[in-house]
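Thanks for coming, everyone. Let me put the model up on the screen, and then I'll walk you through it.

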Amino acid sequence: MTGKKRILSGMRSTNDRLHIGNLEGALRNWIELQDEYEMYCMVADWHVLTDHTEHMDIAHNSREIAKDFVAAGLDPSKCAVFRQSDVKEHAELHLLLSMVAGLGKLERVPTYKEKRDEARSEGQVSYGLLGYPVLQAADILLYKPYGVPVGKDQAAHLELSREIARSFNAKFGDVFPEFVDIIPEDESRSKVPGLDVDAEGRLRKMSKSYDNCIYLSETADETAQRIKGAFTTPTKIRKTDPGIPEGCSVCQLLRLYAPEWESLWEQDRRGERGCMQNKQALTEALNEALRPMRERRAGISDADIESVLEKGAARARETAAQTMDQVRRAMRLL
Ligand code: TRP
């Protein structure tokens, strides 16, 4: 169609806003790739249902996440931004791939094992949860992509998708080419620390479940408030006390957002800067970096994003339908 290589990626809409960990770990990579590749960016709403969804408005969340995609810089005229449940081929391929996905492999997936062990009763562990990677394989393979840009945490799922593709090909003939992982090289971006520490006093990943995030769509004042409460070197009480930037969440984030971070770290270590000054510098740098996204987001209505998603789904469906035709033929359904 375009002569460009094709890539696809997705994020689940488990809540209604993305944080800077999502931005740095994955979304920024997508934005950088959209010119070079024929790209498909999916809001994985069916995948949300594998978790606790009792009080969750998934439709609302999916729209909000898609708004964040576009506000952050994904251009719907360049890439297809769509919602998984709008392209029913994902469900059909999930069903057909479930016939070749090995049960043993699925049962050994670490995230599945964790959730199974956490579950208080057998009834809490669903067939859908076990099949999470099969649905993800369907998401990917439908587009026969050259590559899949994701955060490092997704590597195991991608490997399983490749194995499912190989099993399919071995049984039914070569339908799915191998794809590559496209994981950001900059390690420091793939694991953005949150604003707090764990019980042992160590920085941990930014995650909604820890409530230690900075959200793309919050206001500049909210960001300032969150940074005020952020974890810094506990033994640095006065400005003149030496800081340890490696263990300080504010310094870690300065590294990502303040071009002059190296000199700030040195001054922090030497007791020439205080934590309040660092917080101030981080607030300014972050709010400045997020300002264009926030402005763009304010201009996107529900109707606007629905129209983006509708057009995206139409494009996705075209490609997906071609693959499904090949799959049905290979499996002798046609
Ligand atoms: N499992 C991914 C996550 O939790 C989301 C996802 C669903 C995905 N389908 C995908 C990612 C296909 C890449 C390709 O973030």
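**A walk through the model**

Let me start at a single residue: D325 is partly exposed, at 28% relative accessible area, where partly exposed sits between buried, under 20%, and exposed, over 50%, using a 1.4 Å probe and protein chains only. Before going on, a word on the source: this is a predicted model, in which local features need pLDDT of at least 70 and side-chain atom pairs count only at pLDDT 80 or more, while totals for chains, interfaces and linings use all residues. Residues are numbered from 1 along each chain as its sequence is written, and side-chain values use heavy atoms, with hydrogens and water left out.

Back to D325, then. Which residue forms a salt bridge with D325? The partner is R329, and the closest N and O atoms are 3.2 Å apart. By salt bridge I mean a side-chain nitrogen of Lys or Arg within 4 Å of a carboxyl oxygen of Asp or Glu. The two residues are four apart in helix α14 (residues 302–330), so about one helical turn separates them. Helices here are DSSP runs of H or I with at least four residues, strands are runs of E with at least two, and both are numbered from the N terminus. R329 is partly exposed too, with a relative accessible area of 48%.

How many salt bridges does the structure hold? The total is 32. One of them joins D86 and R83, with 3.1 Å between the closest N and O atoms. R83 is buried at 11% relative accessible area, and D86 is partly exposed at 23%. Both belong to a salt-bridge network that links R63, E64, K67, D68, R83, D86, R297, D302 and E306. Elsewhere, D196 and R204 meet through their side chains in a salt bridge of 2.7 Å, N to O. D196 is buried, at 19%, while R204 is partly exposed, at 24%.

Now let's zoom out to the domains. The domain assignment, whose bounds come from an automatic or database source, gives domain 1 (6–186 + 302–330) and domain 2 (193–295). Domain 1 puts 14 residues into the contact and domain 2 puts in 15, with contact meaning heavy atoms within 4.5 Å. The C-alpha centres of the two domains are 32 Å apart.

Together, domain 1 and domain 2 bury about 1,300 Å², and 65% of that is on carbon and sulfur atoms. Buried area is the accessible area, with a 1.4 Å probe, that two parts lose on being put together, summed over both. Which three residues supply 48% of the area that domain 1 buries against domain 2? They are R17, H19 and I20, and no other three residues supply more.

What about polar links across that interface? The rule finds zero salt bridges between domain 1 and domain 2, but three residue pairs in polar contact, both residues at pLDDT 80 or more. A polar contact is a pair of N or O atoms within 3.5 Å; within protein, one must be able to donate a hydrogen and the other to accept it, and residues adjacent in sequence count only if both atoms are side-chain atoms. On the domain 1 side, the elements giving two or more residues are α1 (20–33) and α2 (58–72). The largest share, five residues, comes from α1.

Next, a helix that sits well inside. Eight of the nine residues of α11 (residues 249–257) are buried, so this helix is largely enclosed by the rest of the structure. The cover over those buried residues includes α1, α9 (187–190), β6 (193–197), β7, α12 (261–269) and α13. In the loop between α10 and α11 we find T232, which is buried at 14% relative accessibility. Leaving out neighbours within four places in sequence, T232 is in contact with C248, V250, C275 and K279.

N169 deserves a stop as well. This residue is found in helix α8 (residues 155–172) and is buried at 13%. A polar atom of the N169 side chain lies 2.7 Å from the backbone oxygen of F176.

Last, two backbone curiosities. Most residues other than glycine have a negative phi. K144, however, has a positive phi of about 40 degrees, and lies in the loop between α7 (132–141) and β4 (147–149). D211 also has a positive phi, near 55 degrees, in the loop between β7 (203–205) and α10 (220–228). K144 is partly exposed at 27%, whereas D211 is exposed at 58%.
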